Amino acid sequence: MKSVLLSGSYKKIDIPLEIIKFIKNNLNHEYNISFIAADFKGYFDTDKFVKKLLDAFHSNGMSFNNISILDSRLKKYDMIENIKNSNIIFLLGGDTLKQIKSIKNYGLKKYIYDANKIVIGISAGAINMAKKVILAKDEDDNIPNLSIYNGIGLTDINIEPHCEFKNEKHWKDLEEASEIGKILLMHDNCYIIIDNDIISYYGDYCFIENKKLYYKNNTISLEEFIKEISYD
């Protein structure tokens, strides 16, 4: 399985060159991409997001033969056909719970899970790529309670994207979630490339498990980690 997990940034959409290289090394032919929305009825925001991502790809010398956007503007049959005919599936960021609900309701999960494709997830999309999702409560992000559910099943890695380490309230929610399982806390510059059994990490990140923070295989305090990465 070949996958990419991106934290993403609220300030700037970027596709790192390592990801472009990874795609080109594994797909030596035309590129056909399907974007899967987070909110299947949020057409304006979805189209705006896709345009920014396409601009980011193009700025790094990558273009696509076919582009499709999967949301409720399409019928289920057309969504499935677009996935089948794409060699890149891109799970968009946004509302995490809405996205996984729509993916399951439309029966898309088994078509996304295909060894002949590269699946990329950004923010919410990257969260939903996990086999078992552990999603910390975050009222500011439309997550009213700690949520545990079966994701798409592409990776064992649970992530918290663009983590706000200085948000004391959300940090307590993350600590609660970490008692269920290990969570990778991603700085905005962090991304992960999974090439079958090889997992490569880029940027700044740490793990939290059982309320303990791990950075470079050592336990560390939250204050030390914030200082280490100069998070602002």
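Guide: Two rings of Phe, Tyr or Trp count as an aromatic pair if their centres lie within 6.5 Å. Keep that cut-off in mind. This is a predicted model.

Visitor: How many aromatic pairs does a search of the whole structure find?

Guide: The search finds eight. Take tyrosine 201 and phenylalanine 207. Their ring centres are 6.4 Å apart, and the planes meet at 80°. Planes over 60 degrees apart count as edge-to-face, so this pair is edge-to-face. Tyrosine 201 is partly exposed, at 31% relative accessibility.

Visitor: Which tyrosine also forms an edge-to-face pair with phenylalanine 207, at 5.9 Å centre to centre?

Guide: Tyrosine 205 does, with 85° between the planes. Tyrosine 205 is partly exposed, with a relative accessible area of 23%.

Visitor: What lies over the face of phenylalanine 207?

Guide: Lysine 182 does, at 5.1 Å from the ring centre.

Visitor: Which residues form one aromatic cluster?

Guide: Phe35, Phe57, Phe64 and Phe90. Phe57 takes us to helix H2, where Phe57 is among the buried residues.

Visitor: What is the span of H2, from its first C-alpha to its last?

Guide: H2 covers residues 43–59, 17 in number. The span is 24 Å, close to the 24 Å expected at 1.5 Å a residue.

Visitor: Which residues of H2 are buried?

Guide: Buried means under 20% relative accessible area. In H2 that holds for Thr46, Phe49, Val50, Leu53, Leu54, Ala56 and Phe57. They span an arc of only 155° around the axis, which puts them on the same side of H2.

Visitor: What covers the buried residues of H2?

Guide: The cover includes helix H1 (17–26) and strands E2 (32–36), E3 (66–70), E4 (88–91) and E5 (118–122). Turned away from the buried side is a face with the exposed residues Phe44, Lys51 and Ser59. After H2 comes glycine 61, whose phi is positive, near 80°.

Visitor: Now read H1. Which residues of H1 are buried?

Guide: Ile19, Ile20, Phe22 and Ile23. Their arc is only 160° around the axis, which puts them on the same side of H1. Leu17 and Asn25 are exposed, on the face turned away from that side. What covers the buried residues of H1 includes H2, E4 and E5, along with strands E1 (2–6) and E10 (191–195).

Visitor: On to charges. How many salt bridges does the structure hold?

Guide: Eight. In one of them, the side chains of aspartate 195 and lysine 2 meet at 2.4 Å, N to O. Aspartate 195 lies in strand E10 and lysine 2 in strand E1, so the pair ties together parts 193 residues apart in sequence.

Visitor: Is lysine 2 buried or exposed?

Guide: Lysine 2 is buried, with a relative accessible area of 16%. Aspartate 195 is partly exposed, at 26%.

Visitor: Which residue forms a salt bridge with lysine 51?

Guide: Aspartate 55, with the closest N and O atoms 3.0 Å apart. The two are four residues apart in helix H2, so about one helical turn separates them. Lysine 51 is exposed at 53% relative accessible area, while aspartate 55 is partly exposed at 39%.

Visitor: What separates lysine 84 and glutamate 81 in helix H3?

Guide: About one helical turn, because they are three residues apart in H3 (residues 76–84). They form a salt bridge with the closest N and O atoms 3.8 Å apart. Lysine 84 is partly exposed, at 47%. Glutamate 81 is partly exposed too, at 24%.

Visitor: Which residues are linked in a network of salt bridges?

Guide: Asp47, Asp71 and Arg73.

Technical notes:
Residues are numbered from 1 along each chain as its sequence is written. This is a predicted model: local features need pLDDT of at least 70, side-chain atom pairs count only at pLDDT 80 or more; totals for chains, interfaces and linings use all residues. Side-chain values use heavy atoms; hydrogens and water are left out. The expected span of a helix is 1.5 Å times one less than its number of residues. Buried means under 20% relative accessible area, exposed over 50%, partly exposed in between (1.4 Å probe, protein chains only). The arc is that of the directions from the helix axis to the C-beta atoms. Contact means heavy atoms within 4.5 Å. Rings of Phe, Tyr and Trp (its six-membered ring) pair if their centres lie within 6.5 Å; planes under 30 degrees apart count as stacked, over 60 as edge-to-face and the rest as tilted. A charge sits over a ring if NZ of Lys or CZ of Arg is within 6 Å of the ring centre and within 35 degrees of the ring normal. A salt bridge is a side-chain nitrogen of Lys or Arg within 4 Å of a carboxyl oxygen of Asp or Glu.
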